Amino acid sequence: MQRLHEILVRDGVERELRQVLGHVMIACKEIAHKLGQGELAGILGSTEAENVQGETQKMLDVISNDVLKNILINDEYVRGIGSEEEDYTVAGSKDGKFLVTFDPLDGSSNIDVNLSVGTIFSILEAPENGSGDDQSIFLQDGRKQVAAGYVLYGPSALLVLTTGKGVNFFTLDRHIGEFVLTKEQVKIPEDTKEFAINMSNQRFWEPGMQQYIADCLQGEEGPLGKRYNMRWVASMVAEVHRILVRGGIFMYPWDNREPGKPGKLRLMYEGNPMSMLVEQAGGLSTTARENIMDVQPEGIHQRVPVVLGSKNEVLKVMEYHK
């Protein structure tokens, strides 16, 4: 049995980063416990508030955000945090070495129907100068991430983590309260016959994406020459986890319902961390035109189209967008 801390030490992860990751895990274990209580704790349902994205907040969105925020801003190595549920970045220790961004509860629309949700996080090095409540110090491209991961709250609580040396799975052993290594150096198959996309938005997509999906649906008789299966869970954590386990492609493309917005998913706390995980596992992650981790952020809540998963299938999608 190899615990998370032991693997981080083995992989040469510096002590300060190990501490920050440890505090993220403390928060995620508390969130997992609250999710497990569900209706018994009276924490399901929505609030009357909206977040900065204009989305109605679930009670557990707010609770999960507060758990992560309160733990991390009191970590001496965290300069500041950025969250999907916060209008602005929040300062931590003025001498902190790291910046942490997170989606505290991805897929929260699934909570009330008891489907999988998760916490996504990304860790960056803080520049020499600048306060954690200054969002400009967070605006680093995804290549600058020193760690990224998510915790999937399903039948078991699973941590999927990279520190730049491949992707490992850890399962929460509730008897000892620790995340234990269960799969090492995960690799995504280069080819796939499975795609995940919200088909109800098809009429709003760009012509390239519409044509790619139309060709997928033609099966063996179509230009792609194979029969595809479709999946859709409406939780990015669940979709990406399936891809890491057995391959596939996940797409949340730009659409013309709100043409002024470049996409739906958030670059800093969804696009970048998931892209780092996918690429560390041998996959590919793009906007359909450029690598997501090469996008220079202009704001903490910036949105971006996302196409990620099995490398050869992602390359096909990019061909449709030339």
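Student: Which strands does H2 lie across, and at what angle does H2 run to S6?

Tutor: Keep in mind that this is a predicted model. In the model, H2 lies across S3, S5, S6, S7, S8, S9 and S10. As for direction, take S6, residues 117–125. H2 runs relative to S6 at about 165 degrees.

Student: What packs on the sheet besides that, and what angle does its direction make with that of S7?

Tutor: Look at residues 267–280, which form a helix touching S3, S5, S6, S7, S8 and S9. That helix is H6, and its direction makes an angle with that of S7 of about 95 degrees.

Student: Okay, what about the sheet itself: which strands stand at the edges?

Tutor: The sheet is open and has eight strands with mixed pairing, in the order S4-S3-S5-S6-S7-S8-S9-S10. An edge strand here has a single partner, so one side of it is left without a neighbour in the sheet. The two strands in that position are S4 and S10.

Student: In which sense do S7 and S8 pair, and which residue in S8 is the bridge partner of leucine 152?

Tutor: S7 covers residues 145–153 and S8 covers residues 157–162. They pair in the antiparallel sense, over six bridges. Within S8, the bridge partner of leucine 152 is leucine 158.

Student: Back to the helices: are H2 and H3 roughly parallel or antiparallel?

Tutor: Two packed helices are described by the angle between their axes and the distance between the axes. For H2 (residues 15–37) and H3 (residues 59–72), the axes are 9 Å apart and the angle is about 155 degrees. Angles over 145 degrees count as roughly antiparallel. That makes H2, relative to H3, roughly antiparallel.

Student: How do the residues of the contact of H2 with H3 divide into nonpolar, polar and charged?

Tutor: On the H2 side you'll find Val20, His23, Val24, Ile26, Ala27, Glu30, Ile31, Lys34 and Leu35. They meet Leu60, Ile63, Ser64, Val67, Leu68, Ile71 and Leu72 in H3. The residues of this contact divide into 12 nonpolar, two polar and two charged.

Student: Is glutamate 178 in S10 buried, exposed or partly exposed?

Tutor: Glutamate 178 sits in S10, residues 178–183, and S10 is one of the edge strands. Leaving aside residues up to four places away in sequence, glutamate 178 touches Arg3, Thr171, Leu172 and Asp173. Histidine 5 is 173 residues apart from it along the chain, with the C-alpha atoms separated by 9.2 Å. At 28% relative accessibility, glutamate 178 counts as partly exposed.

Student: And tyrosine 88, how far apart in space is it from aspartate 134?

Tutor: Tyrosine 88 lies in the loop between S3 and S4, and is exposed with a relative accessible area of 65%. Aspartate 134 is 46 residues apart from tyrosine 88 in sequence. In space, C-alpha to C-alpha, they are apart by 8.4 Å.

Student: Alanine 234 and alanine 288 both caught my eye. What is the phi of each?

Tutor: Alanine 234 is in the loop between S12 and H5, while alanine 288 is in the loop between S15 and S16. Neither is a glycine, yet phi is positive for alanine 234 and for alanine 288. The values are near 65 degrees for alanine 234 and about 95 degrees for alanine 288.

Student: Is alanine 288 buried or exposed?

Tutor: Buried means under 20% relative accessible area. Alanine 234, at 36%, counts as partly exposed. Alanine 288, at 4%, counts as buried.

Methods:
Residues are numbered from 1 along each chain as its sequence is written. This is a predicted model: local features need pLDDT of at least 70, side-chain atom pairs count only at pLDDT 80 or more; totals for chains, interfaces and linings use all residues. Side-chain values use heavy atoms; hydrogens and water are left out. Axes are lines fitted to C-alpha atoms, for helices over the stretch in contact, and angles run from 0 to 180 degrees between N-to-C directions. Helices (H or I, at least four residues) and strands (E, at least two) are DSSP runs, numbered from the N terminus. Angles under 35 degrees count as roughly parallel, over 145 as roughly antiparallel, 65 to 115 as roughly perpendicular and the rest as oblique. Contact means heavy atoms within 4.5 Å. Ala, Val, Leu, Ile, Met, Phe, Trp, Tyr, Cys and Pro count as nonpolar, Asp, Glu, Lys and Arg as charged, and the others, Gly among them, as polar. Buried means under 20% relative accessible area, exposed over 50%, partly exposed in between (1.4 Å probe, protein chains only). Two strands pair if DSSP finds at least two bridges between them.
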